[in-house]
Amino acid sequence: MFNIILDVRSLSTVVRLYSFPRLLVETLASQISALSIIKALIKIVILTRPADSMRGRQFLDYSARVTNLSWLKYGSDGNRIQLHDNVNSVIGKLPKTFSLEQFELELKARQRVGSLTPKIIETCSLDGLVLEAKLSLRCHVDLDNVFYDLFTSLRKRLGVSSAFPTADYLSKYGDVYFYPLVCKLALKNNVNNVSVSLCHGDAWSGNIFQTPSGEIIIIDWEYCGYRVESFDVWFYVFSKWASTKQACDRHFYSELEAKLSKVFPSTFELESIKVLHMLHLFERYASQLSYYGKASTSPEMQFLETEIISITQELS
């Protein structure tokens, strides 16, 4: 029993047999409705089987990185393998592609935000492994009620912004296809400078949780970096639209303007919001492509590309 390893393909996870009930409970507890619980359970039952030799070796190879590996999540939308040690309440997160610069940015950001992120227990600068406390988290957070406090606190803790000429800032993505057009349209619309700050980079609702005591926790800092300062607020709004594959229309811009106005003391006109939207779309697309190795054919990248084409045509 202790040596049997299962491959739960619907979760992209390999798990020890004796840890499978805990994985099942955690997975079903994260679902938001009775129907989604039933669907998740059916997929798990149908798509679970003994791990093949490759997955079995992968599990054993990574078992040395934590004291007691319960399960290993080998596939996700992110860039890291997750190593769950339920005995010691620890999660190890190991990048599939290691960048020392990105690793150091994550540690800097997490140190600054303090209690907004799970406690870091141990790190390894050789391959980017981050061991953090595994918390009991609830995903059903009423984010509209905590939005202002959360994003203003996040902005304050991550540090003040610095102004850069727009062309200079965007030049770090100079090898990306859309760079010349995005830069040209930003300048055409009088966005000659941008305020850049450290951002979480992936602040969608699925990365924002609440502890049983009511504290808000933001997880998955692998995409943090220096971006135009409104990026996190923009991505929070945009990710909800992207999840339904809706084109960004006047309702999107209205919601974005409302959220931006809560966090930033500026007045946002429609045209300036559209330019910000273009810049953030390009930042997300270019960073995913250049820094994190995301395939341009992936659904997210295809959607981003479609939206970039749409907004650049509108601003031209």
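Val25 and Ala29 are the exposed residues on the face of helix H1 that points away from its buried side. As you look at this, keep in mind that the model is predicted. On the other side of the story, H1 spans residues 20-29 and buries Phe20, Leu23, Thr27 and Leu28. Viewed down the axis of H1, these buried residues fall within an arc of 120°, so they line one face of the helix. Their cover is a mix of strands and a helix, and the table lists elements that belong to it.

| Element covering the buried residues of H1 | Residues |
|---|---|
| Strand E1 | 5-8 |
| Strand E2 | 13-16 |
| Helix H2 | 34-46 |
| Strand E3 | 48-50 |
| Strand E4 | 71-73 |

Now to a pair of helices further along the chain. The axes of H8 (residues 231-243) and H10 (residues 270-290) come within 10 Å and cross at roughly 85°. The two helices are therefore roughly perpendicular to each other. H8 brings Phe231, Trp234, Phe235 and Phe238 to the contact, while H10 brings His277, His280, Leu281, Glu283 and Arg284. By type, the residues of this contact are five nonpolar, two polar and two charged.

Phe238 also takes us into the interior. In the largest nonpolar core, which has 64 residues, Phe238 is among those with the most contacts inside it, together with Phe151, Phe252, Met278, Leu279 and Phe282. Leaving aside neighbours within four places in sequence, Phe238 is in contact with Cys248, Phe252, His277, Leu281, Phe303, Leu304 and Glu307. Apart from this core lies another, of 14 residues, including Leu69, Ile81, Leu83 and Leu129.

How values were computed:
Residues numbered from 1 in each chain as written. Predicted model: local features only at pLDDT ≥ 70, side-chain atom pairs only at ≥ 80, totals over all residues. Heavy atoms only, no water. Core = buried A, V, L, I, M, F, W, Y, C linked by side-chain atoms within 4.5 Å. Buried < 20%, exposed > 50% of the residue type's maximum accessible area, 1.4 Å probe, protein only. Contact = heavy atoms within 4.5 Å. Helix = DSSP H or I, 4+ residues; strand = E, 2+ residues; numbered from the N terminus. Arc of directions from axis to C-beta. Axes fitted to C-alpha atoms, helices over the stretch in contact; angles between N-to-C directions. Parallel < 35°, antiparallel > 145°, perpendicular 65-115°, else oblique. Nonpolar A, V, L, I, M, F, W, Y, C, P; charged D, E, K, R; others polar.
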